[in-house]
Amino acid sequence: LPLSSSENSAPMNTIASVTPIRPRLLPVSEPATDPANWPHYREHSLFESAVSEAARALNVSREMAMMCAFGAMATACQRLVDVQMPNAHSPTITALMLLTLADSGTGKSSTERYFFEAIRQHNTAMQDADHAAQKAYETTQRTWQSKLKALEKAHRNSINSADPTSEQAAEQALQAHLANEPAAPQSRRFLYDDTTSQGLLKALHANSPYACLQTSEASSFLGGQAVQAFDKFNTLWSGDPVTVDRATGKSFTLPKTRLTLALMTQPSVLTQFLKKHGAQARGTGFLARLLVARPSIPDRQPVTPSERPRQAGFQARLRSLLEQPLPSQPQVLRFSEAAVDFWHECTAFIQREKREFGLYETHSDHAARLMENTARLAALLHAFERDS
């Protein structure tokens with residue numbers, strides 16, 4: 001769904017549809033994998049400019065650049081905004097689950113660095129601050145423990161003294177001290193790049209609940225015991241609380257987690273994954289929630305280093321979003337009336353194409369979540385492009 005223009009009078013929290021750049025729905029016979037059919041946005045869009053510059057400067061496909069950009073935008077915006085879909089009673093989150101399939105040597109790592117630079121820097125800064133906070137906590141904890149030992153000794157002595165008044169005072173002092181035990185600081189780490197699905201769930205409990213798994217080699221996440229966690233990630237995608245039960249160790253709950261998956265891997269890795277877990281991955285709805293791109297392969301010609309002003313603008317916007325204070329409640333974005341009409345037009349098209357011989361006849365699970373993914377993308381574009 002297109003962004004509203006700066007001249008549009010729609011409120012800042014309204015996602016608007018603009019007729020001149022209204023996207024057309026592709027006929028079934030037209031290949032959506034043709035790069036010419038990928039959407040383009042207005043010239044002064046930060047997103048559009050950075051995608052175009054990255055594709056040119058890094059000599060990578062536009063599709064790969066777009067997927068990386070969306071992963072970075074979702075990571076920065078998911079903690080700030082939710083979106084109200086026209087057919088839902090409550091808002092949905094704006095986290096995404098992205099999967100880009102590309103062979104080795106097609107620029108996955110360089111594209112990731114282009115779009116995630118500010119995110120990685122912010123994550124490192126948070127970890128450095130956490131390290132300092134942990135050191136301060138350890139010092140405070142040692143002092144607290146020393147006082148605790150002294151108060152426990154005084155309490156024992158008061159019991160032996162057989163003085164009720166002294167014993168009562170010592171007990172009150174001990175209870176007051178126990179109630180003021182310093183709390184360990186929670187880590188604010190939010191970016192992960194090489195972890196298993198089970199390890200990621202544990203990290204979400206220990207660290208920030210607003211997180212992103214960004215990796216150019218997703219074999220660790222898709223391998224091993226990934227199949228056992230599909231239902232957890234489906235629930236996280238929906239924005240609902242997740243309870244992780246442990247046979248050994250302490251169980252825990254993830255109450256308000258926002259997790260974006262920005263996965264990149266080789267097609268052969270996905271092929272092996274589908275051979276082993278494809279039925280379960282699709283049966284649980286995990287695959288249907290993914291936005292998947294199989295980028296075209298450009299000719300890998302040497303690129304002359306040059307300035308990248310669009311990257312600088314894109315990263316500056318990421319920093320401004322990441323540095324915003326966490327609101328008590330995310331802002332809820334709603335569609336304008338024109339966008340609501342277009343929403344229903346798209347929904348009707350999808351429903352028609354789920355019938356026999358339609359585009360989504362054998363992919364009704366994907367189609368059922370397509371408009372929610374579309375709403376999330378629209379909200380991210382809206383929130384990222386606007387200063388307000």
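Trainee: Which residues of α1 are buried?

Mentor: In this predicted model, the buried residues of α1 are Phe 47, Glu 48, Ser 49, Ala 50, Val 51, Glu 53, Ala 54, Ala 55 and Ala 57. Buried means that the relative accessible area is under 20%.

Trainee: What makes α1 largely enclosed by the rest of the structure?

Mentor: Nine of its 12 residues are buried, so the helix is largely enclosed by the rest of the structure. The cover over these residues includes α2 (62-77), α3 (108-161), α10 (309-322) and α13 (370-385).

Trainee: How do you know that the distance between the end C-alpha atoms of α1 agrees with the expected span?

Mentor: The expected span is 1.5 Å times one less than the number of residues. For the 12 residues of α1 (residues 46-57), this should come to 16 Å, and the end C-alpha atoms are 16 Å apart, so the two values agree.

Trainee: What is found at the start of α1, and what just after it?

Mentor: At the start, a side-chain oxygen of Ser 45 comes to within 3.2 Å of the backbone nitrogen of Phe 47. The cut-off for a polar contact is 3.5 Å. Just after the helix, Asn 59 has a positive phi of about 55 degrees.

Trainee: Why does Met 66 count as buried?

Mentor: Its relative accessibility is 3%, and the cut-off is under 20%, so Met 66 counts as buried. Met 66 belongs to helix α2. Its C-alpha atom is separated by 9.0 Å from that of Ala 55, the two residues being 11 apart along the chain.

Trainee: Turning to the sheet, what is the order of its five strands?

Mentor: The open sheet runs β4-β5-β8-β3-β9, with parallel pairing. β4 (191-192) and β9 (291-293) each have a single partner strand and stand at the edges, so one side of each lacks a neighbour in the sheet.

Trainee: What makes β5 and β8 a pair?

Mentor: Two strands pair if there are at least two bridges between them. Strand β5 (residues 210-215) and strand β8 (residues 258-265) have six bridges, in the parallel sense. Within this pair, Ala 211 stands opposite Leu 259 in β8.

Trainee: How many helices and strands does the whole protein have, and what share of its residues is buried?

Mentor: The protein has 13 helices and 10 strands, and 47% of its 388 residues count as buried. About 19,700 Å² is exposed, with carbon and sulfur atoms supplying 52% of that area. Of the contacts between residues at least 6 apart in sequence, 76% join residues at least 24 apart.

Methods: Residues are numbered from 1 along each chain as its sequence is written. This is a predicted model: local features need pLDDT of at least 70, side-chain atom pairs count only at pLDDT 80 or more; totals for chains, interfaces and linings use all residues. Side-chain values use heavy atoms; hydrogens and water are left out. Helices (H or I, at least four residues) and strands (E, at least two) are DSSP runs, numbered from the N terminus. Buried means under 20% relative accessible area, exposed over 50%, partly exposed in between (1.4 Å probe, protein chains only). Contact means heavy atoms within 4.5 Å. Accessible areas come from the Shrake-Rupley method with a 1.4 Å probe; for residues, only the protein chains shown count as cover. A polar contact is a pair of N or O atoms within 3.5 Å; within protein, one must be able to donate a hydrogen and the other to accept it, and residues adjacent in sequence count only if both atoms are side-chain atoms.
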